[in-house]
Structure formats: structure tokens, C-alpha cells
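Trainee: Could we walk through this one together? I'd like to know what stands behind the words we use for it.

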Amino acid sequence: MVRFQSSALMARLSWEVRAVAIRGLVIITQDGTHVQFKKKCVACGREDPSRIRVPIKIGINGVNFYCGKCKEMRVAEFRGEH
Ligand SMILES: [Zn+2]
């Protein structure tokens with residue numbers, strides 16, 4: 001008799017999502033529903049000292065922020081996935 005290994009994907013709870021950084025941020029922590037990160041400018045590398053916490057949505061999540069060094073708007077992006 002063959003025993004099938006249950007996949008890690010199926011073992012995960014359906015509501016649980018994971019954030020994967022794309023650009024412009026450094027993930028500090030995440031709990032399956034929310035992610036906490038620091039914004040980091042893609043142009044100059046400046047890290048914003050404030051942390052923000054947002055719910056993780058499936059797909060691309062974008063947060064706009066202002067870089068005080070470049071004096072321009074930047075975008076922090078992460079991908080939410082199951
Ligand atoms: Zn900058």
C-alpha cells in the first residue's frame with residue numbers, strides 16, 4: 001500500500017497568507033494575516049525609521065511613501081501568497 005505524503009500546502013490553514021518582499025521594504029515580522037515592515041527607498045537605500053503594519057492580501061500589495069532623502073514618492077511592494 002502506498003502512503004501519500006500530505007503536501008505542505010494542504011497542511012497550511014486556508015486563511016494563512018505569507019508576505020514576500022518584492023522591493024522597497026524590509027520585512028520585520030508577519031503572523032499569517034498581517035505583515036510588519038520598514039520602508040526602504042529603492043533609489044538611495046534610506047530606511048524609514050517608522051514601522052508599518054498592514055493586512056496581507058493575495059497578490060501584489062503596494063504602499064506609497066515619501067523618501068525624505070530623495071524628496072520623491074517611492075513604492076514599497078510585497079506579494080501575498082498562500
Ligand atoms: Zn531615497
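**Core, sheets and one arginine**

Mentor: Sure. Keep in mind that this is a predicted model. Let's begin with the largest nonpolar core, whose eight residues are Val17, Ala19, Leu25, Val35, Phe37, Ile56, Ala76 and Phe78. Strand 3 (34–40) and strand 6 (72–81) each give at least two residues to this core.

Trainee: What makes those eight residues a nonpolar core?

Mentor: The term asks for buried residues of nonpolar types, joined through C-beta atoms within 7 Å. The eight meet that, so they count as one core. As background, nonpolar side chains tend to be buried together in soluble globular proteins.

Trainee: Which residues does leucine 25 touch, leaving out those up to four places away in sequence?

Mentor: Leucine 25 touches Phe37, Lys38, Lys39, Lys40, Ala76 and Phe78. Its bridge partner in strand 3 is lysine 39.

Trainee: Zooming out, what is the order of elements along the protein chain?

Mentor: From the N terminus they run α-β-β-β-β-β-β, which gives one helix and six strands. Of the 82 residues, 16% count as buried.

Trainee: Why is arginine 79 called partly exposed?

Mentor: Arginine 79 has 16 other C-beta atoms within 10 Å. Buried would need 20 or more, and exposed means 12 or fewer, so a count of 16 falls in between and the residue is partly exposed.

Trainee: Where is arginine 79 found, and what is it in contact with beyond four places in sequence?

Mentor: Arginine 79 is found in strand 6. Beyond those sequence neighbours, its contacts are Val20, Ile22, Gly59 and Ile60. Asparagine 61 is 18 residues away in sequence, yet the C-alpha atoms of the two are 5.9 Å apart.

Trainee: How do you know that strand 5 and strand 6 are paired?

Mentor: Pairing needs at least two bridges, and these strands have nine, so they pair; they run antiparallel. Asparagine 64 has valine 75 in strand 6 as its bridge partner, and glycine 62 stands opposite glutamate 77. The two strands form a hairpin with four residues between them, and lysine 71 in the turn has a positive phi of about 55°.

Trainee: What makes strand 5 an edge strand?

Mentor: Its sheet is open and has three strands in the order 1-6-5, with antiparallel pairing. Strand 1 (18–23) and strand 5 each have a single partner strand, so one side of each has no neighbour in the sheet. From one strand to the next, the twist averages 30°.

Trainee: Why is strand 5 (residues 59–67) described as hardly covered?

Mentor: A residue needs 20 or more other C-beta atoms within 10 Å to be buried, and zero of the nine residues in strand 5 count as buried, so "hardly covered" fits.

Trainee: What is the strand order in the sheet that holds strand 3?

Mentor: That open sheet has three strands in the order 2-3-4, paired antiparallel. Strand 2 (25–30) and strand 4 (47–55) are the edge strands, each pairing on one side only. The twist here averages 25° from one strand to the next.

Trainee: How do you know that strand 3 pairs with strand 2 and with strand 4?

Mentor: Count bridges again: five join strand 2 to strand 3, and six join strand 3 to strand 4. The cut-off is at least two, so both are pairs. One bridge links valine 35 with valine 54 in strand 4. In the hairpin of strand 2 and strand 3, with three residues between the strands, glycine 32 takes a positive phi near 100°.

Key: Residues numbered from 1 in each chain as written. Predicted model: local features only at pLDDT ≥ 70, side-chain atom pairs only at ≥ 80, totals over all residues. Contact = placed C-beta atoms within 7 Å. Axes fitted to C-alpha atoms, helices over the stretch in contact; angles between N-to-C directions.
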